[in-house]
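Biologist: Could you walk me through this structure step by step? I would like to see how each answer is reached.

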Amino acid sequence: MNNKNTLVVIGAQWGDEGKGKIIDLISQNAEVVVRFNGGNNAGHTVIVDNKIYKFRLLPSGVISPNTTNIIATGVIVNITALLEEIEEAEKNGLFIKNLYISDRSPLVLPYHIILDKFYEEKRGANKIGTTSRGIGPAYTDHFSRDTLHIGDLLDKEIFREKLTYIYNFKRAILSINYELPSIEEIYNSQLNALEKLLEKGIIITDTSKLINDFINRGKKILFEGAQGTLLDINYGTYPYVTSSFTISGGVCVGAGIPPQSISKVLGVVKAYTSRVGEGPFPSEIRNELADFIREKGQEYGTVTRRPRRVGWLDFVALRYAKRINGFTGLAITKLDVLSGLEKIKIVVGYKYQGKILDEFPSSLHILDKCEPILEELPGWKEPLRNIKGLHELPNTVFRYLERIEKELETKIDIIGIGPERKDIIILRDPWL
Ligand code: GDP
Ligand code: IMO
Ligand code: MG
């Protein structure tokens, strides 16, 4: 069962760390890529030869021609959105083959999207700032055992029966008078999308069996995390989180594999921090420097195009992420964005009511009032994008990287120096 060939890639912050680009790089050397959590709230960007791919439900490994791609049970699937994404990828020149979807994956249905927007409206000033993709309501229905699975679509009679029951049940308990699409509309849209997906050769199956078989055969498997540690439903900055398990432990429940079959965990850390949506953010930069970094790093949501909030690297949050995920290596992305800054700051601690906190607080109330304790390091002027290797990196970049390695007691495997596939330097093989 112990497979030395499994690598989990996890966002260490609030998402958008650059996981897509890292997955694309590593999947060129993998046989299987598995998404295990979240839904089409994710937006993973990969840029190859000026061509931009944005993956929401598809594993970012689909660009590599020889990988098997799996959407596992922990992912909730809006199948009309998946079909659109595949058609968009095909227009972009990708041929989507070897794609398997779990028959146990819960469906995101049109009324979940309506409810997501409705809840946000009613939350008013307390809104979470969701991606409006129906993620929260769809996971809620799953956990309250009132949902449909993709596998239900495979038998039209069962699907109609279950849909009719659940639809009427939802209608009866919803006090809102929103125009919901009718049973017939939902029935047709889901089956039409399913038919087109099946025509494309996509296979709906027991993906846990498939993945475990691959593990037992020693295949090289990459597990692609969506969102980030601080958006995890249990360990993130609740309630300003998403509704799935975004941490490395989420792989076991999401993919249906035993913990001992996970061998390596790569934490993807943006060289600064970004957050889209509401919620506390102790290292947030609140002056024009934030605009500089946002523009230079193109920090706008992949899914919603919302401007992302930006802040300094936060060691309190990253130590917490290391503890929860057990990173065996790190990828530090977007170092190039910090070029040109005279000083670079790092949050090394939080101060709350005059006391220094060693740990990332569980209470949002406390987190909200934490003041960052900052350390300054010298910046670098040089643009990093076109440098050819480690030997060309300015000393001050090394100092920054060494500071991160020392603090997190974890080696850096990869550094990102630009948005393109080629803008990357590999220091260590993350599989080893
Ligand atoms: P993900 O959700 O973690 O996959 O990240 P996103 O794709 O949502 O956001 C990361 C953004 O940064 C994308 O626009 C990437 O093209 C870009 N990006 C990734 N790595 C780097 C890097 O090293 N440098 C720069 N400048 N951009 C990067
Ligand atoms: P990737 O995989 C960044 C955020 C939303 C919101 C909160 C809840 O691209 O890193 P949801 O729609 O999930 O109910 O929204 O979570 N969020 C993300 N932020 N990157 C993501 O994914 C995100 N997915 C959800 O902005 O604050
Ligand atoms: Mg993203």
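The questions below go from the ligand to a buried arginine and then to a helix.

Modeller: Happy to help! Please keep in mind that this is a predicted model.

Biologist: Between which domains does ligand 1 lie?

Modeller: Let's start with the shell, where 20 residues surround ligand 1. Among the closest are K19, T45 and K334. Two domains both give residues to this shell, so ligand 1 lies between them: domain 1 (6-103 + 202-265) and domain 3 (269-426).

Biologist: Which helix and which strand each supply at least two residues of the shell around ligand 1?

Modeller: By class, that shell has four nonpolar, nine polar and seven charged residues. The elements that each supply at least two of the shell residues are α1 (19-27) and β3 (44-48).

Biologist: How much of the area that ligand 1 exposes when taken alone does the protein bury?

Modeller: Look at the backbone around the ligand before the area. A polar backbone atom of K19 is 2.7 Å from an oxygen atom of ligand 1, while for G416 a backbone N or O atom lies 3.4 Å from a ligand oxygen. Taken alone, ligand 1 exposes 580 Å², and the share buried by the protein is 94%.

Biologist: Now to R294: is this residue buried or exposed?

Modeller: You can find R294 in helix α9 (residues 288-296). Its relative accessibility is 15%, and the cut-off for buried is under 20%. Therefore R294 counts as buried.

Biologist: Which backbone oxygen does the side chain of R294 reach?

Modeller: Leave aside the neighbours within four places in sequence, and R294 is in contact with E299, Y300, P307, R308 and R309. One of these contacts involves the R294 side chain, which at 2.8 Å reaches the backbone oxygen of R308.

Biologist: How many of the residues of helix α10 are buried?

Modeller: Helix α10 covers residues 315-325 and is mostly covered. Its buried residues include F315, L318 and I324, and the buried residues pack against elements including β1 (6-11), β14 (343-352) and α12 (395-408). The count of buried residues is eight of 11.

Biologist: Which residue caps the N-terminal end of α10?

Modeller: Start from the backbone nitrogen of V316, which has a side-chain oxygen 2.9 Å away. That oxygen belongs to the capping residue, D314.

Biologist: And which residue takes a positive phi just after α10?

Modeller: Step just past the end of the helix and look for a phi of about 65°. The residue with that positive phi is G326.

Notes: Residues numbered from 1 in each chain as written. Chains lettered and ligands numbered in written order. Predicted model: local features only at pLDDT ≥ 70, side-chain atom pairs only at ≥ 80, totals over all residues. Heavy atoms only, no water. Near = heavy atom within 4 Å. Polar contact = N/O pair within 3.5 Å; in protein donor to acceptor, adjacent residues only side chain to side chain. Areas by Shrake-Rupley, 256 points an atom, 1.4 Å probe, with all protein chains shown as cover. Helix = DSSP H or I, 4+ residues; strand = E, 2+ residues; numbered from the N terminus. Nonpolar A, V, L, I, M, F, W, Y, C, P; charged D, E, K, R; others polar. Domains from an automatic or database assignment. Buried < 20%, exposed > 50% of the residue type's maximum accessible area, 1.4 Å probe, protein only. Contact = heavy atoms within 4.5 Å.
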